[in-house]
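Biologist: I would like to take a close look at a single part of this model, and I would be glad if you went through it slowly, as for someone in a first year of study.

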Amino acid sequence: MLLGTVLLWALNVTVTKFMFEHGWKPLSYGTIRYFLAILLFWAFTWWRERSFRIDRSDWWLVVVAGICIFANQVCFVYAVKLATASTVALLLGATPVFMGVIALVLGLDRLQGTFWIGAAVTFAGVALIALASGGGVSGSLLGNLLGIATAFTWACYSTAIGPLMKSYSPYRISSLVLAIGWVPLAIVSARQGSEQQFHFEPLVWIAFAYAVVGPLFLTNILWFTSIDIVGAPRASLFANLQPFFSVFFALILLSETLHPMEIAGGVLIFAGIALERIWHRPVEVAAPE
């Protein structure tokens, strides 16, 4: 289940790029895709739990997570639109380090000072990739900056839902957070939605169905079921493989290429992640009374 989840996530970047190359507008694609995924989540959650109840004191976290997922989706679709899928995949590898930095800033975690060595290595890799695109090597600088923003906003989202996951199922949280994030997404995509044409080839529709069911809906069930079986530490090791598979799919299916600077940047990103995993020794921080 872990491997299947990682592969479904990894293929999503390539499928999204394929969509944009075959007539989908970025915001229209994101809005319609998320709307259909919300319907699936609401139906599944109601069948499983018969409730969407969230305590009033937790709603602010749900709203924050919804805003984060809205920002993440906007950044993601335009990053993939403007840059190459393989480059965006490499940049998404920096997400764990962003999560560590956010946790430190918010006082949710205290790490050994060596964590910053891993973070510095990762950010050096991100800088190399950005410099490569800035020189006209691959994609665009704006696309790569949005790729970095995608990793950062996903880290913010993951941090926001952390406390909620202790009290509610991931399906209930996903149902509510996606719905809240969808509202501003639908508003900003209104113009593109009115201009969107839907005369697509069958393969495009098949890919779109995959993008809704696979990386948005099915992965949540597989991921959290597998965590219950093998535990979060082992699951996180599999999650670190996602950028590798994402790059592989983009290179094979889209015939993309990577510049040596991007390859070097990718190596540094994953080296930094490896160091972060080795040196991450959190010290529990007491909640304020």
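Which residues does Thr95 touch, not counting residues up to four places away in sequence?

Modeller: Please keep in mind that this is a predicted model. Leaving aside residues up to four places away in sequence, Thr95 touches Ala151, Trp154 and Ala155. Thr95 itself is found in helix α5, and Thr95 counts as buried because its relative accessible area is 10%, where buried means under 20%. There is also a link to a part of the chain that is distant in sequence, since Thr95 and Ile269 are 174 residues apart along the chain, and yet their C-alpha atoms are separated by 9.9 Å.

The helix around Thr95 fits this picture. Helix α5 covers residues 95-105, and eight of its 11 residues are buried, so the helix is largely enclosed by the rest of the structure. Besides Thr95, the buried residues of α5 include Pro96, Val97 and Phe98, and further along Gly100, Val101, Ile102 and Ala103. Just after α5 comes Gly107, which takes a positive phi of about 75 degrees.

For a comparison elsewhere in the chain, you can turn to Gln192, which lies in helix α9 (residues 190-195) and is also buried, with a relative accessible area of 15%. Leu251, by contrast, lies in helix α12 (residues 242-253) and is partly exposed, with a relative accessible area of 30%; together with Phe248, Ile252 and Leu253, Leu251 forms a nonpolar patch on the surface, with about 380 Å² of accessible area for the four together.

Note on methods. Residues are numbered from 1 along each chain as its sequence is written. This is a predicted model: local features need pLDDT of at least 70, side-chain atom pairs count only at pLDDT 80 or more; totals for chains, interfaces and linings use all residues. Side-chain values use heavy atoms; hydrogens and water are left out. Patches are made of residues with over 30% relative accessible area and no salt bridge: like charges are joined within 9 Å, nonpolar side chains (Val, Leu, Ile, Met, Phe, Trp, Tyr) within 5 Å. Accessible areas come from the Shrake-Rupley method with a 1.4 Å probe; for residues, only the protein chains shown count as cover. A salt bridge is a side-chain nitrogen of Lys or Arg within 4 Å of a carboxyl oxygen of Asp or Glu. Helices (H or I, at least four residues) and strands (E, at least two) are DSSP runs, numbered from the N terminus. Buried means under 20% relative accessible area, exposed over 50%, partly exposed in between (1.4 Å probe, protein chains only). Contact means heavy atoms within 4.5 Å.
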